[in-house]
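Please look over the sequence and the structure below before reading on. The report that comes after them is meant to be read with the picture at hand.

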Amino acid sequence: MREAAVIFLNGVRRDVRGGDAMMMLADWLRGEEGLPGTKVVCAEGDCGACTVLRSFRGSGFDAVNACITTVAQMDGSHLVTVEGLERSGELAPAQEAMMKCHASQCGYCTPGFVMALTAMRERHATPSRTTVANYLTGNLCRCTGYEQILDAGCAMVAPKSHSLAERYRDAASVDVCNQVTSQPLSIVAPSIRFHAPTTLRAALALMASEDGCRVLAGGTDLGVPVNKGAAWAQTLLSLHLIPDLDLVEVGRRRVTVGANATLSCVRRACEGAVPEFARFLNLFASPQIKNTATLAGNVANASPIGDTLPFLFVAGGTLHLARRAPEHGRIERRELSIDQAFSGYRRLALQPGELITHVSFDATRKGETLRLFKVSQRKDLDISAVSAAFAITRVGNRSGEYPVIDGARVAYGGIAATPVRLAQVEDALRGELTPAKVASVASLITHAIAPISDLRGSSAYRRIVAANLFRRFADEVMRG
Amino acid sequence: MTRDTPHESARSHVRGRSEFVDDRPPLRGELLCGLVVSPHARARIVAVDGTGALAIPGVACVLTAADVHHNRWGPIIEDQPLLADGEVHYVGETVAIVAAASRDALVRGVRAVVVEYEALPAILSIDAAVAAASFIGVERTIARGDVEDALARSPRTLQGRLTIDGADHFYLENQAAIAYPCDGPQIEVHSSTQHPTETQHVVAHACGLGARDVVCVARRLGGAFGGKESQASPIAAYAALVTKATGRAARLVLSKDQDMIITGKRNPFQIGWRCGFDDDGMLRVVDAQLHSDGGAYADLSTAIMERALAHCDNAYFVPAMRVRGRVCRTNVHPHTAFRGFGGPKGVAMIESIIEAVADATGRDSLDVRRANCYRPGHDTTHYEQVVENNCLPELFERLEASCEYRARREEIRRANAQRPERARGLSLTAVKFGISFTTRFMNQANALVNVHADGSVQVSTGAVEMGQGVNTRIAALVAEELSIPQESVRVMPTSTEKNANTAPTAASVGTDVNGAAALDAARRIRARMSALAVRLNDLPREQWPSKCAGVGSAPEIEVAAPSADLSYCGIPFAKLAFECIRNRVSICEYGHFRTPGLSFNKLTGRGRAFRYFTQGVACSEVEVDTLTGEVKVRRVDLLMDIGQPINRALDLGQIYGGFVQGMGWVTTEHLVYDSGAKLLSHSPSTYKIPNIQDTPRRFRVDTIDNNGNTANLRGTKATGEPPLLLAISVWTAIRDAVQSVRSLGDGDGASAIVDLPIPATAERVLRALSPDAFWGVEHSGEVPSRHLGKKR
């Protein structure tokens with residue numbers, strides 16, 4: 001059993017054990033490694049000042065938030081911080097451009113922007129302004145108003161040096177990582193144990209034996225309360241070394257993704273199969289979060305405002321569960337419809353010891369219309385006040401004037417303790433979609449829900465918006 | 001002189017090598033500090049018990065009010081305890097400081113301090129404060145003319161009410177300070193402060209030290225925006241108290257959540273106004289009563305109110321005007337400076353009055369603005385300062401043409417009729433921002449310029465670098481004055497050891513006054529160096545003192561009187577510096593500057609309050625989603641007069657940044673408190689500053705060439721705050737969109753004044769668009785009729 005997490009930090013191997021391995025990566029970089037270029041502002045993954053680059057299992061270097069992930073979760077990764085960008089005193093393209101374009105004022109957010117731009121640079125040689133903005137959605141700046149940062153993103157000149165992947169993912173270190181990640185990791189720190197098994201069997205055995213074991217699949221939501229003073233669960237189980245759970249399978253009818261599949265992977269996979277979901281994921285959190293957070297994690301978190309959940313409700317979402325049967329110790333699998341998955345506010349209807357291994361959902365079929373909406377205070381990188389998903393199949397315009405709906409699925413987030421499907425609305429929608437029908441269904445929605453008032457919106461606002469989103473969808477359908 | 005050199009720290013910023021307070025490596029034995037804060041808006045402190053905390057291994061001390069030498073501070077009125085004494089007056093008020101050797105021990109220690117409270121009734125709103133006559137300071141009034149008479153004589157009148165909420169500074173670097181023990185009783189504190197002098201003084205008073213025994217250093221700030229003008233000082237004092245108690249270095253760095261809960265915000269305002277005008281929309285009179293929420297303690301709120309009153313005219317001549325302002329004392333965090341100070345509130349009021357007058361008269365709001373704009377013959381403010389070098393008419397005229405205002409107005413009218421689900425709004429507003437502290441004595445600065453033997457130069461001033469580029473500009477000014485390359489000049493960390501009795505870096509005047517002080521010093525150094533150069537020039541090289549064999553006894557050149565010839569006679573600067581030292585000619589100098597001509601009297605509300613005005617105009621176009629209330633800023637055209645800039649690229653950075661910050665203030669930045677006045681939106685997951693996707697889709701910034709500002713050094717103009725106020729055009733554009741949707745309808749709402757508070761959040765916009773729908777849902781549970789349905 002391995003007792004040290006192994007990472008390559010700016011090209012140098014670090015073996016991190018014990019309490020150090022359970023530190024948040026940003027704190028460890030600043031406090032233990034003497035690398036204060038990585039800043040901590042919000043400690044909740046919402047500002048990007050802590051952005052570092054991570055390459056894991058052959059992926060390119062992607063931006064991640066160092067403030068809400070432990071060093072242990074980075075086990076087997078190559079990491080690059082702002083201090084690792086220069087080469088013999090020569091600035092990297094993002095650094096040069098940020099300086100020349102006056103894109104840095106107070107300088108506190110700057111390293112995070114430099115890292116996010118460098119991640120873009122690894123994938124796009126000549127990005128558009130839109131691409132630049134999309135890569136920087138997870139970074140907040142309070143000084144510049146972003147204009148000069150956008151200029152910088154477009155002004156990066158080709159580097160004379162190699163890409164970061166070529167520079168830091170050398171064969172020797174990749175070999176080490178491959179070797180390391182085939183061995184289970186077990187870290188013992190004061191009042192906490194962190195396990196990263198390499199097989200599903202071992203993971204399920206741990207879940208069966210350890211009470212209160214908390215599963216990490218990305219874990220972007222679990223690190224936040226810890227930073228704000230809560231304690232970790234006594235036992236953490238990270239799935240990142242289990243290759244079986246990396247699966248992303250796009251079939252003709254179904255898309256299946258493993259518990260390790262990040263939302264970035266899911267977004268890319270869905271571009272062809274469920275384009276509306278891929279588009280919607282652009283508004284989900286930030287690149288940094290999407291590069292770490294998983295679809296399974298978003299489901300397991302069971303939040304009423306989980307942004308992927310209304311989609312899963314209308315797309316036949318299924319959770320694939322596994323556990324170690326207490327009677328005979330064999331792996332027992334079952335499937336659970338997303339409709340049955342949530343038993344209350346942030347509560348998942350799983351049996352003890354059960355793990356979500358995969359999540360699957362329908363690919364968009366011909367003749368089906370899928371629309372996903374999200375309303376939040378700020379358009380991007382914000383938590384929804386209300387989110388909505390509509391999927392309908394239609395049988396053409398019988399009378400020639402109005403579309404006729406054959407089947408409808410309607411789900412909302414942010415209007416109850418869990419995301420909900422509105423069956424009565426679905427029933428009411430079947431048949432001809434006339435303006436009168438739209439009005440009556442909208443009214444039905446307003447009456448069917450009783451959302452709470454909180455800082456993201458009053459109950460009345462949510463009820464009105466929920467109905468209005470349906471109106472918008474209906475309007476689109478009626479216009480064809 | 002305009003050289004667009006990068007910010008002096010740009011290279012170290014992009015490399016992640018710029019040092020901020022919390023980046024300083026820990027000293028051996030250094031302690032981490034944490035704060036025990038009040039969970040109550042108002043309560044009596046029955047008991048504070050730190051024994052449990054002290055029992056935790058690693059906890060070094062627990063300090064309470066009894067450990068503070070002088071437990072009162074305040075930038076204007078000394079009314080705030082550093083550590084709560086007997087009573088707490090807001091959620092987040094500091095009751096005790098805990099210091100520990102490790103983070104873990106600190107977290108446990110802070111939790112282990114037991115404070116027993118007895119909750120007391122609290123005042124949680126402006127209305128409640130007014131009802132209870134709970135005020136800070138006296139009422140201030142600026143008035144011209146007989147308002148009541150003018151209202152009676154006006155052909156038309158309107159009245160309205162405007163609610164403006166607070167806003168968080170959201171500087172990226174949270175409040176931070178480290179105190180180091182030095183020789184004897186001395187303490188050196190490194191603080192993220194905009195006001196090192198005040199921080200030095202507050203630390204000294206708290207610790208019972210003379211100012212001589214406290215040095216405050218501020219190398220750079222990770223953003224401040226006013227939030228570190230007064231409120232950095234207690235943080236530094238807390239760290240220093242721990243150092244004094246333990247003899248060890250002490251570090252206090254707030255988390256974002258704690259920072260947002262503890263520190264004050266932009267003051268919320270409630271404004272009631274009446275105005276009179278004629279059928280053409282010419283303003284005759286404005287009468288307004290402003291109430292601000294000052295929070296629990298005075299902080300800077302009274303000065304903020306003064307600036308609000310002085311900006312109620314903005315760009316417009318109002319013959320009769322009376323503005324009265326009162327600061328309310330409530331039980332929330334003490335509110336404080338924020339970019340623009342009171343200015344944005346006064347400007348938002350008059351700009352919304354203009355919109356209302358335009359709606360009432362049927363004239364385009366731009367026509368109303370241009371008609372009422374300060375112009376020759378109508379160029380005296382309500383406090384009787386003449387608007388000199390007035391560029392406003394030119395700015396209006398040029399932007400109206402360059403942004404194609406008229407054509408777009410027509411296009412938007414057509415588009416809104418066709419597609420009311422996405423209502424567009426257009427508005428062009430102005431800013432005339434007064435540059436100077438309204439408190440006269442603060443308009444001074446000093447600077448130390450040291451030329452070294454190698455000809456390189458160190459400049460120290462009281463200005464604090466917080467991203468705005470003040471150090472870069474000062475380096476450029478000094479380099480130009482001494483005729484040397486800018487790279488030869490280094491602006492040093494701000495320290496009270498070098499520059500004492502300074503004003504905060506605030507009110508946009510950082511470069512104006514500190515740059516002028518540095519120029520004062522550099523000018524005198526130059527005179528002496530030139531005088532020596534003239535004398536040296538007359539001597540053969542070998543007779544120069546440094547060339548003589550027995551240097552000590554070589555004849556020395558006297559330069560008693562500076563020469564009229566200010567060239568260096570072709571002698572390289574470094575060589576001349578060296579010769580000055582050999583000839584015992586000082587090439588170090590201290591400069592001082594005081595802004596001339598200021599005569600504003602706060603009691604009478606009369607006089608020259610400002611050295612000059614920075615002016616600008618902006619035209620914003622927004623698109624409002626009438627089904628959700630969400631707003632998108634489609635296009636912004638902005639035109640400013642920034643005089644003759646020292647570094648235009650840095651000024652543009654201030655303009656872009658200030659505007660977007662203002663956009664956040666008027667749209668998405670919403671502070672939400674629970675019923676007990678605890679802030680709920682205390683981190684970026686709940687408090688939404690603009691993101692890169694929120695910037696205007698099309699954003700064009702331009703400046704005019706203005707040689708006429710003789711009031712400021714080199715004909716420059718300050719740019720720090722004014723651009724923020726131009727974002728009010730985004731708010732008035734949203735208002736315009738709402739109004740255009742209402743005018744499509746035939747309900748009662750069509751003619752009423754649009755009631756849209758700041759910030760215009762999505763929910764508030766939707767409420768303004770469809771008050772009936774909200775009424776239906778909130779009152780009778782009736783089905784809301786689709787607000788656009790009537791037209792379909």
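The sections below take up the confidence of the model, each chain, the contact between the chains, and the nonpolar core.

## A predicted model and its confidence

What is shown here is a predicted model, and the model as a whole scores ipTM 0.97 and pTM 0.97. For chain B the mean pLDDT is 95, with 96% of the residues of this chain reaching 70 or more.

That confidence does not extend to every part of chain B, since pLDDT stays under 50 over residues 782-792. The model has 22 contacts beyond four places in sequence for this stretch of chain B, and a careful reader will keep the pLDDT under 50 in mind when looking at residues 782-792 of chain B.

## Chain A

The secondary structure of chain A comes to 18 helices and 21 strands. The radius of gyration of chain A is 23 Å, close to the 23 Å that the globule rule gives for 480 residues, so chain A is as compact as a globular protein of that length. Taken along the principal axes, the box filled by the C-alpha atoms of chain A is roughly 75 × 65 × 40 Å.

Buried residues make up 56% of the 480 residues in chain A, and among the contacts of this chain between residues at least 6 apart in sequence, 67% join residues at least 24 apart. One residue to find in the picture is Arg167(A), which has its place in helix H7 (residues 164-168) of chain A. Is Arg167(A) buried or exposed? Because it has 17 other C-beta atoms within 10 Å, and a residue counts as buried at 20 or more and as exposed at 12 or fewer, Arg167(A) is partly exposed. From Arg167(A) to Ile383(A) there are 216 residues in sequence and 37 Å in space, C-alpha to C-alpha.

## Chain B

Chain B has 21 helices and 24 strands. The radius of gyration of chain B is 28 Å, close to the 28 Å that the globule rule gives for 792 residues, so chain B is as compact as a globular protein of that length. Its C-alpha atoms fill a box of roughly 100 × 70 × 50 Å along the principal axes. Of the 792 residues in chain B, 62% are buried, and residues 24 or more positions apart account for 81% of the contacts with a separation of 6 or more.

Helix H17 (residues 648-666) of chain B has 19 residues and reaches 27 Å from its first C-alpha to its last, close to the 27 Å expected at 1.5 Å a residue. H17(B) is also mostly covered, with 17 of its 19 residues buried.

## Where the chains meet

How many residues does the contact take from each chain? It takes 62 residues from chain A and 67 residues from chain B. Several helices of chain A each supply at least two residues to the side that touches chain B, including helix H3 (93-100), helix H4 (110-123) and helix H18 (459-479). The largest share of this side, 8 residues, comes from H18(A), and by class the side has 29 nonpolar, 18 polar and 15 charged residues.

## The largest nonpolar core

In soluble globular proteins, nonpolar side chains tend to be buried together. The largest nonpolar core here has 421 residues, and among the members that touch the most others are Val98(B), Val203(B) and Ile734(B). Helix H15 (residues 510-538) of chain B gives the largest share of this core, 14 residues.

Leaving aside residues up to four places away in sequence, Val98(B) touches several residues, among them Cys33(B), Ala53(B), Val59(B), Leu106(B) and Val113(B).

Notes
Residues are numbered from 1 along each chain as its sequence is written. Chains are lettered from A and ligands numbered from 1 in the order in which they are written. This is a predicted model: local features need pLDDT of at least 70, side-chain atom pairs count only at pLDDT 80 or more; totals for chains, interfaces and linings use all residues. A nonpolar core is a set of buried Ala, Val, Leu, Ile, Met, Phe, Trp, Tyr and Cys residues joined through C-beta atoms within 7 Å. Helices (H or I, at least four residues) and strands (E, at least two) are DSSP runs, numbered from the N terminus. Two residues are in contact if their C-beta atoms, placed from the backbone, lie within 7 Å. Ala, Val, Leu, Ile, Met, Phe, Trp, Tyr, Cys and Pro count as nonpolar, Asp, Glu, Lys and Arg as charged, and the others, Gly among them, as polar. The expected span of a helix is 1.5 Å times one less than its number of residues. The radius of gyration is taken over C-alpha atoms; the globule rule is 2.2 Å times the number of residues to the power 0.38. pLDDT is the predictor's confidence in each residue, from 0 to 100.
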